[in-house]
Amino acid sequence: MELSDAFGTTVRKIRLSKGLAQDAIGPSQAYISEIERAIKSPTLEKMQGIADALDVHLVTILIGAFAESGQPPTELLALVKKQLRAQGLWDQEPDKSAAPV
């Protein structure tokens, strides 16, 4: 399955599991329909908006899309963790001077 197809399938599955209509998670029903059918590919900002509307983290949708494409989520998460550690971006201490979010 192509990644754009898998992204749309994942969005549809999450949306349906939450009982939401297409127009409840995007600028229009037609736009979300086109994403779910892989006719359109959303920008990163639009993906984040869809994730927010679905009340899930964008990474959840992306992991789901890769899983739909055949990559087991546990393997993908292990790979991401390894790569983030190699870049010094995993297990970092939070900045204690920063205000809590």
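What follows is a chat about a predicted model, working through its contacts, core and surface.

Colleague: Before we start, is this structure predicted or what?

Modeller: Predicted, yes, so keep that in mind throughout.

Colleague: Okay. Let's start inside. Which residues touch the most other members of the largest nonpolar core?

Modeller: That core has 15 residues, and the ones touching the most other members are F7, V11, I50, L54 and I61. The elements giving two or more residues to this core are α1, α2, α3 and α4.

Colleague: Pick I61 for me. What does I61 touch?

Modeller: Leaving out residues up to four places away in sequence, I61 touches F7, T10, V11, I14, I50, A51, L54 and V56.

Colleague: And which residues of α4 are buried?

Modeller: Helix α4 covers residues 58-68, and its buried residues are L58, I61, I63, G64 and A65.

Colleague: What covers them?

Modeller: The cover for the buried residues of α4 includes α1, α3 (44-54) and α5 (73-86).

Colleague: Anything odd once α4 ends?

Modeller: Look at G70, just after α4: G70 has a positive phi of about 110°.

Colleague: Which residues other than glycine have a positive phi?

Modeller: A38 is one of them, with phi near 60°, and D55 also has a positive phi near 60°.

Colleague: Where do A38 and D55 sit?

Modeller: A38 is in the loop between α2 and α3, while D55 is in the loop between α3 and α4.

Colleague: Is D55 buried or exposed?

Modeller: D55 counts as exposed because its relative accessibility is 65%, and the cut-off for exposed is over 50%. A38 has a relative accessible area of 22%, so A38 is partly exposed.

Colleague: Switching to charges. How many salt bridges are there?

Modeller: The count comes to four salt bridges. As background, side chains of opposite charge can pair when their charged atoms come close.

Colleague: Give me one that links distant parts of the chain.

Modeller: Try E68 and K13, whose side chains meet in a salt bridge at 2.5 Å, N to O. This pair links distant parts of the chain, with E68 in helix α4 and K13 in helix α1, 55 residues apart.

Colleague: How accessible are E68 and K13?

Modeller: E68 is partly exposed, with a relative accessible area of 27%. K13 also counts as partly exposed, at 49% relative accessibility.

Colleague: What about R15 and E36, buried or exposed?

Modeller: Both R15 and E36 are buried. Their side chains meet in a salt bridge of 2.6 Å, N to O. R15 is in helix α1 and E36 is in helix α2, 21 residues apart, so to speak of distant parts of the chain being linked fits this pair too.

Colleague: Why does E36 count as buried?

Modeller: Because its relative accessible area is 6%, and buried means under 20%.

Colleague: What else does E36 touch?

Modeller: Not counting residues up to four places away in sequence, E36 touches G8, T9, V11, R12, R15 and Q22. With Q22 there is a polar contact of 2.8 Å between the side chains.

Colleague: Where is Q22, then?

Modeller: Q22 is in the loop between α1 and α2. Q22 counts as buried because its relative accessibility is 15%.

Colleague: Which residues does Q22 touch?

Modeller: With residues up to four places away in sequence left out, Q22 touches R15, S28, Q29, I32, S33 and E36. The side chains of Q22 and Q29 make a polar contact of 2.6 Å.

Colleague: What about E34, which residue does E34 form a salt bridge with?

Modeller: E34 forms a salt bridge with K40, and their closest N and O atoms are 3.4 Å apart. E34 is partly exposed, with a relative accessible area of 22%, and K40 is partly exposed too, at 38%.

Colleague: Last topic, the surface. Which residues make the nonpolar patch?

Modeller: L3, L62 and F66 make a nonpolar surface patch of about 210 Å².

Colleague: Where does L3 sit, and how accessible is L3?

Modeller: L3 is in helix α1, which spans residues 3-17. At 40% relative accessibility, L3 counts as partly exposed.

Note on methods
Residues numbered from 1 in each chain as written. Predicted model: local features only at pLDDT ≥ 70, side-chain atom pairs only at ≥ 80, totals over all residues. Heavy atoms only, no water. Patch = residues over 30% accessible without salt bridge, like charges linked within 9 Å, V, L, I, M, F, W, Y side chains within 5 Å. Areas by Shrake-Rupley, 256 points an atom, 1.4 Å probe, with all protein chains shown as cover. Helix = DSSP H or I, 4+ residues; strand = E, 2+ residues; numbered from the N terminus. Buried < 20%, exposed > 50% of the residue type's maximum accessible area, 1.4 Å probe, protein only. Contact = heavy atoms within 4.5 Å. Polar contact = N/O pair within 3.5 Å; in protein donor to acceptor, adjacent residues only side chain to side chain. Core = buried A, V, L, I, M, F, W, Y, C linked by side-chain atoms within 4.5 Å.
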